[in-house]
Amino acid sequence: MSDNETTINELKQAIKKFRDDRDWQKYHTPKNLAESISIEAAELLEKFQWKSEEEIDELLNDPTYKSEVKEELADVFNYCLALSIALDIDLSEALLEKVKLNSEKYPVEKSKGEYKKYSKL
Ligand SMILES: [Mg+2]
C-alpha cells in the first residue's frame, strides 16, 4: 500500500475496523481525539527538539530515527482521521477548501518566497 494506491476512505475504514474490533468507539469522543492529535503532535515535535537543521538532516539518514519520526507522523494522521470520522467531516473536501482559502490569503504575487503572515503582506 502507498499514497498512490490508497484512498482516504480506505484509511478511514481501517481505523474504524481497528476501533470497533476493540469496542473503543466510546473513547473516540471529539475532545479525546483532539487532545490525542495535540499529544501526538508534541511527540513528533520532540523528535526535533533542541536539534539544529543540520543535526536533523544528519539524523534523518539514520533509518531508526526516520522510522520513529514516521511513527509519530502516522499517530498524528491516525487521530486526524479518527476525529474526522467522529465529526463526520469529509477531510478531502475540508483540506481542498483550506488550500483554496490559503491561496486567496496568500496570493502568489504577494507571498512567493515570503513567510510573512497574510495580514502583513
Ligand atoms: Mg506517538
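The legends below describe close-up views of a predicted model.

Residues are numbered from 1 along each chain as its sequence is written. Local features need pLDDT of at least 70 and side-chain atom pairs pLDDT 80 or more, while totals for chains, interfaces and linings use all residues; side-chain values use heavy atoms, without hydrogens and water.

**View A. The magnesium ion and its donor residues.** Glu40 (OE), Glu43 (OE), Glu72 (OE) and Asp75 (OD) coordinate the magnesium ion at 2.1 to 2.2 Å. Donors are N, O and S atoms within 2.8 Å of the metal (3.2 Å for Na, K and Ca); water is not among the atoms, so sites may look incomplete. The donor residues follow the sequence spacing E-x2-E-x28-E-x2-D. Glu43 lies in helix α2 (residues 30-46) and Glu72 in helix α4 (residues 63-86), so this pair ties together parts 29 residues apart in sequence. Helices are DSSP runs (H or I, at least four residues), numbered from the N terminus.

**View B. Accessibility of Glu43 and Glu72.** Glu43 is partly exposed, at a relative accessible area of 29%, whereas Glu72 is buried, at 16%. Buried means under 20% relative accessible area, exposed over 50%, and partly exposed in between (1.4 Å probe, protein chains only).

**View C. The two sides of helix α1.** Lys12, Ile15 and Arg19 are the buried residues of α1. They cover an arc of only 65° around the axis, which puts them on the same side of α1; the arc is that of the directions from the helix axis to the C-beta atoms. Lys17 and Asp21, on the other side, are exposed. Asp23, which follows α1, has a positive phi, near 55°.
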